[in-house]
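Thank you all for coming. I would like to take a few minutes to walk through one model, beginning with a single element and widening out from there, so please have a look at it first.

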Amino acid sequence: MLNIQNLHAEVDGKEILKGLSLSLNAGEVHAIMGPNGAGKSTLGYVLGGRNGYAATSGSVTFDGQDLLELEPHERAAAGLFLGFQYPVEIPGVSNVQFLREAANAQRRNRGEAQLSGAEFLKLARAQAAALGMDAEMLKRPVNVGFSGGEKKRNEMVQMGILNPKLAILDETDSGLDIDALKAVGEGINRIMRAPDKAVLLITHYQRLLDYVQPDFVHVLAGGRIVRSGGPELALELEREGYGALAA
Amino acid sequence: MTVLDLPSARQEAWRWSDMEALRAAAASPQAPAGINPADLFLDIDGPRLCFVDGVFEPAHSRPGPVEVTRQIAATDHPLGSLAIGEGWALHLGAEHAATCIQIVHLGTGGENHVPARILLADDAVATLVETFAGTGWANRLTAIALGKGARLMRSVRLVQTGGFVSIRDEAEIGEAASLVSIFLGAGGMGSRIDGALTLTGKGAFAEMGGALLTSGTQRQEAAVAVRHEQIEGTSRQIWRAVAADQSVASLAARVEVARGAQQTDGEQSLRGLLLQRTATVNLKPELEIFADDVKCAHGATVGELDRNALFYLQSRGIGEAQAKALLTHAFVTDALARIGEEPVREAFAADAAAWLEAAL
């Protein structure tokens, strides 16, 4: 589904990713772990298409398409979802308005029929309920005044509504208490655990992996994958620290 | 009027004014506007008045309680004092109400001047929507006096395709009375929205604010002074400016609190958004306070669209232009949210959205 080959990328003229290669197949959950500054968030932004995060060489294909050629909103329409470490507050735009625009923009891009207001609300309410988010919060401005946990639940509600093929979740576990962590983990499993979907979890700690069992774990250090293994690798990292493994 | 004696940019209160655009509009020849005035009214029931080039048009009007009358300007304001001749007046007796009054001003070129007077006796209520369309120089003076407990909600939209609109409001707001005036500048004209509001009674409420949207080489400005003369008054000046291309949007807001006007609650929020770095937003917040038990919140900021927010929207599937429009609209919405009647608020929001679609 996602195939990254020898990816190099720069931020502000500084090379952060230095030859990263990684392949994800449908039905798989991969975790990328690594110390601070290893390039984890940069990888998420490069895949999402953020301005200023430029791939300088290498290739990324998503379902056979050249992902790096697409604008950020086209990547979303193609089925990619980027979960933010710090979801952005947008005063003056309600969650409902934002998500309906997003869902319908994606549908337009794919040549599908638009969702009516009623159809959308039904979908949004169901997803909010599944994540334990009060439906009233859908009417509030996007993430404004939300706690850290509420913001991350809101990311999962968005993911549920947009129903992507591939989710890249950047430190989705940061800033969560144990209940929110559990809700978010269950959300990931419910929405994304399917034979035609895949997940790339970018995380610093092993704790989210207690709820979302990865099939593969990779260690990112110095801008490339330095080690790959099964779920046991995450436990080893937790025990030994990154120092020993990344060296 | 052959020779215009206009303020110069050397005067502090007029330093951002575009008097050249005003002169050009005044000198522009009249030409058919190609606009049916009937199309400029919102689809809401209520009295209607139409002025074409400053002349009352009975065919498109049903004035109800509003009188069409000649008036003499009682002001020394350099532009307001030019607004003499035929105009309109709304006088409501105690506890009377007149809602959803619409006044359409259509210009076809040249200059036109219309004075207006709104007098609301104790506990009277009025709501009013004004629309400026077409072109030419439209100059208006509106004198407002609100008795005890009277309430006036006024929404004004400037959607002329070119020319210039100058508005001068002079208001006296009595005890526990409330005046809310919201302006939207979303056309291609230059503008000067000028207000002097005085809270003359205890516990009065005055609000004047809105949004100015500029593009091309257009210049729009608002210059408002609110004076608190009595205790327990509240005032709000919430303005948003969005400037694209080489345009200039300027906001000057002043709060004066007289000696003894204790427990005044004043709020000033001036915010500018630059859609391109070639555009200019000028902000001038001013406070002059002679009482000691006063709350005056004030903020003035100019910035660009938040890149994080833009990427966040894009990453969810919203294209760049639409994402910018959504964020810019949200920025403006604050200032228009104060319009009380839903159909009017929606019409103003639609004008702002149409402007954004053209500018982005």
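Which residues of H4(B) are buried? Before I answer, please keep in mind that what you see is a predicted model. The buried residues of H4(B) are Val344(B), Ala347(B), Phe348(B), Asp351(B), Ala352(B), Trp355(B), Leu356(B) and Ala359(B). To place them for you, helix H4 of chain B covers residues 342-359, and from its first C-alpha to its last it reaches 25 Å, close to the 26 Å expected for its 18 residues at 1.5 Å a residue. As a reminder for reading that list of positions, an α-helix has 3.6 residues a turn, so residues three or four places apart point the same way.

What do the buried residues of H4(B) pack against? They meet four strands of chain B, namely S6 (125-146), S7 (151-158), S9 (178-185) and S11 (205-214), together with helix H3 (320-336) of that chain.

One of those buried residues, Ala352(B), comes up again when we turn to the nonpolar interior, where the largest core has 184 residues and where Ala126(B) and Ala352(B) are those with the most contacts inside it. The largest share of this core comes from S6(B), which gives twelve residues. If we leave aside neighbours within four places in sequence, Ala126(B) is in contact with Leu90(B), Leu92(B), Ala97(B), Ala98(B), Thr99(B), Ile101(B), Ile118(B), Leu120(B) and Leu152(B).

Staying in this region, let me point to Ala150(B), which sits in the loop between S6 and S7 of chain B. Is Ala150(B) buried or exposed? Ala150(B) counts as buried, because it has 30 C-beta neighbours inside 10 Å, and the cut-off for that class is 20 or more. Again leaving aside neighbours within four places, the contacts of Ala150(B) are Leu120(B), Ala121(B), Asp122(B), Asp123(B), Ala124(B), Gly174(B) and Ala177(B). As a sense of scale, the C-alpha atoms of Ala150(B) and Trp14(B) are 32 Å apart in space, with the two positions 136 residues apart in sequence.

Stepping back to chain B as a whole, we find four helices and 17 strands, and of its 360 residues 53% are buried. The radius of gyration of chain B is 20 Å, which agrees with the value near 21 Å for a compact globule of 360 residues, and its C-alpha atoms fill a box of roughly 55 × 55 × 45 Å along the principal axes. Among the contacts in chain B with a separation of 6 or more, 80% are between residues 24 or more positions apart. An unreviewed UniProt entry lists residues 118-331 of chain B as "domain: SUF system FeS cluster assembly SufBD core". In the model that span is 62% strand and 10% helix, and its end C-alpha atoms lie 32 Å apart.

Chain A has eight helices and twelve strands. With a radius of gyration of 18 Å, close to the 18 Å that the globule rule gives for 247 residues, chain A is as compact as a globular protein of that length. Of the 247 residues of chain A, 46% count as buried, and residues 24 or more positions apart make up 71% of its contacts with a separation of 6 or more.

How many residues of chain A are in contact with chain B? There are 21, and they meet 16 residues of chain B. On the side of chain A that touches chain B, the elements giving two or more residues are helix H2 (72-77), strand S7 (90-94), helix H3 (95-109) and helix H5 (148-162) of chain A. Of these, H3(A) gives the most, with five residues. By residue class, that side of chain A divides into twelve nonpolar, seven polar and two charged.

Finally, two backbone details. Most residues other than glycine have a negative phi. Glu171(A), however, has a positive phi near 50 degrees; Glu171(A) lies in the loop between strand S9 (166-170) and helix H6 (178-192) of chain A, and is buried, with 21 other C-beta atoms within 10 Å. Asp53(B) likewise has a positive phi near 50 degrees, in the loop between strand S1 (48-52) and strand S2 (55-56) of chain B, but Asp53(B) is partly exposed, with 19 other C-beta atoms within 10 Å.

Technical notes: Residues numbered from 1 in each chain as written. Chains lettered and ligands numbered in written order. Predicted model: local features only at pLDDT ≥ 70, side-chain atom pairs only at ≥ 80, totals over all residues. Contact = placed C-beta atoms within 7 Å. Nonpolar A, V, L, I, M, F, W, Y, C, P; charged D, E, K, R; others polar. Expected span 1.5 Å × (residues − 1). Buried ≥ 20, exposed ≤ 12 C-beta atoms within 10 Å, placed from the backbone. Core = buried A, V, L, I, M, F, W, Y, C linked by C-beta atoms within 7 Å. Rg over C-alpha atoms; globule rule 2.2 N^0.38 Å. UniProt positions renumbered as here; feature names shortened; annotations may be inferred.
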